[in-house]
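Trainee: I would like a close look at one part of this model, and then at whatever else helps to place that part. Please take it slowly and in one go.

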Amino acid sequence: MASWDHWVEAALSRLASKKLLRSTRPISVPLPPSPRDPPEGLETFDGPRHWDRSSVEIEIEETTLREWLNELPSPGGEFIGEDEKVGGKLLLFSGNDYLGLSSHPAVRRAAAKAAQEVGMGPRGSALICGYTNYHRRLEASLADLKKKEDCLLCPTGFAANLAFLSALGSVSSLLAVGRKPSKDERIAIFSDALNHASIIDGIRLAEQRQEAEVFVYRHCDMSHLNALLSCCKMEKKIVITDSLFSMDGDFAPIRKLVELRKKHGFLLAIDDAHATLVCGENGGGVPEVHECENDVDICIGTLSKAAGCQGGFIACSNKWKKLIQSRGRSFIFSTSIPVPIAAAAHAAVTVARKEKWRRIAIWSRVHDFYSLTQLNITSPIISLIIGTEEAALSASRHMLKSGFHVTAIRPPTVPPNSCRLRITLSAAHTSEDIRRLVAALSGWIQFPALEQNYQIASKM
């Protein structure tokens, strides 16, 4: 948006005049050849291999699992005695390693090679000494993935949202020049009611510093958002939303948001954490699916989910990057991610783009779950609302005893009486894994498909 470009340029000029503009200067450490260059190109595969299972098969010691089961409520007051054997392998259906990349040989080799040749550092914040050519290479690959001019790495996805929103709020303070911005000069932030905690905390920081006014619209309700935007007389407007909501597993109506952006001229920022590398032909996320990369001004993401590593990022324009690295508090005051993690994440992004079968596989598992249950699901995040806290914990206990790691989600993460089992699917799961999962869940939850099959059978 032209107005936002003008405001950001003015804020940058103000920082420059006060000699407060900051920039990252990469320290050169031994860097292996590009993954695209032989003979050290990353090895990729055309289908699942045995190591993929390690991302979804876990083992818990017998003593630990017994204690865990006995801490959870049982409908019949069941207690697991010392002589009762429990433990062994569990199938993990509660992680965020959507593509199973955390165990990929190329990712492991990249981390090991960097650790052996470089160690963990240099260690420090990115603006001091913690930024290297490894970090710069990763930023370039993420900017390319998201079709943006540049990218800024942060220690976590949480830190990325905080950095962006604290820098956003600073625009109003910088332009007010030596005084607190008036209400009309502040940033009007429009936030979905179910946005992630990191967005909420970032907004609260800007609000506490009297740099922003906050307007919360009903979840994915574009009519409500349009009404709020139409009534707001403030100039500097931004809409921020998760692209794929982490608790409910539904998508933001991105096309309608783009239409509203054209109508109202707001800055559009999305947290694409759960969709990056999962959605789109190349893994570019929700904007790639809807071919609207140019309509999303700021794309925030994480490397701790589908990339199977650690860290967060902000894909944006060069101007926004300069502002965030000069005013984003969680970026400025945090140690950057270790070099081996940056190396592993770069390998993961490269592998994810090449091994397209992983995206096909995870969406096949979504279809498997739908076919077996007929639940209206739209993503690899499946939210099964149980109700009370005790009921959800009992359901989680049932799943643990059945051999599945599926945890109960309770307040304050979700509102009271909407406690749930949150299930996440992975490309490393098989159709048989899904069949077994649904069979175990059916002992606790009545699925439409199973009810329909029962009705048909009873008539025969």
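Is glutamine 210 buried, partly exposed or exposed?

Mentor: This is a predicted model. Glutamine 210 is partly exposed, because its relative accessible area is 38%, and the limits for that class are 20% and 50%. Glutamine 210 sits in the loop between α6 and β5. Its phi is near 60°, a positive value in a residue other than glycine. Most residues other than glycine have a negative phi.

Now the elements around that loop. Strand β4 covers residues 187-192 and strand β5 covers residues 212-217; the two pair in the parallel sense, over 6 bridges. Between β4 and β5 the chain passes through helix α6, residues 197-208, and this β-α-β crossover is right-handed. One of the bridges can be named: alanine 188 has glutamate 213 in β5 as its bridge partner.

The two strands also share a ring contact. Phenylalanine 190 and phenylalanine 215 form a stacked aromatic pair, with 4.9 Å from centre to centre and 15° between the planes. The pair counts as stacked because planes under 30 degrees apart fall in that class. Phenylalanine 190 is in strand β4 and phenylalanine 215 in strand β5, 25 residues apart, and the pair links distant parts of the chain. The two rings differ in burial class: phenylalanine 190 counts as buried at 0% relative accessibility, whereas phenylalanine 215 is partly exposed with a relative accessible area of 24%.

A search of the whole structure finds 7 aromatic pairs. Another of them joins phenylalanine 93 and phenylalanine 404, whose ring centres are 6.1 Å apart and whose planes stand at 50°, so this pair is tilted. Phenylalanine 93 is in the loop between β2 (88-92) and α3 (105-117), while phenylalanine 404 belongs to strand β11 (residues 404-405); 311 residues separate them. Phenylalanine 93 is buried, at 0% relative accessibility, and phenylalanine 404 is buried too, with a relative accessible area of 2%.

Ring pairs also link Trp4, Trp7, Phe164 and Trp320 into a cluster. One member of that cluster has a lysine over its face: lysine 236 lies over tryptophan 7, at 5.2 Å from the ring centre.

Back to the backbone, where glutamine 210 has a counterpart to set beside it. Leucine 277 has a positive phi of about 75° although it is not a glycine. Leucine 277 is found in the loop between β7 (267-271) and α9 (286-289). Its relative accessible area is 2%, so leucine 277 is buried, whereas glutamine 210 is partly exposed at 38%.

Two peptide bonds also deserve a note. Most peptide bonds are trans. The bond that joins glycine 121 and proline 122 is cis, with omega about 20°, and proline 122 lies in the loop between α3 and α4 (133-146). The bond from proline 411 to proline 412 is cis as well, with omega near 10°. Proline 412 has its place in the loop between β12 (408-409) and β13 (419-424).

To return to the part you asked about: glutamine 210 is in the loop between α6 and β5, with a positive phi near 60°. The strand that follows this loop, β5, pairs with β4 in the parallel sense.

How values were computed. Residues are numbered from 1 along each chain as its sequence is written. This is a predicted model: local features need pLDDT of at least 70, side-chain atom pairs count only at pLDDT 80 or more; totals for chains, interfaces and linings use all residues. Side-chain values use heavy atoms; hydrogens and water are left out. Two strands pair if DSSP finds at least two bridges between them. Helices (H or I, at least four residues) and strands (E, at least two) are DSSP runs, numbered from the N terminus. A crossover is right-handed if, with the strands pointing away from the viewer, the path from the first strand over the helix to the second runs clockwise. Rings of Phe, Tyr and Trp (its six-membered ring) pair if their centres lie within 6.5 Å; planes under 30 degrees apart count as stacked, over 60 as edge-to-face and the rest as tilted. Buried means under 20% relative accessible area, exposed over 50%, partly exposed in between (1.4 Å probe, protein chains only). A charge sits over a ring if NZ of Lys or CZ of Arg is within 6 Å of the ring centre and within 35 degrees of the ring normal.
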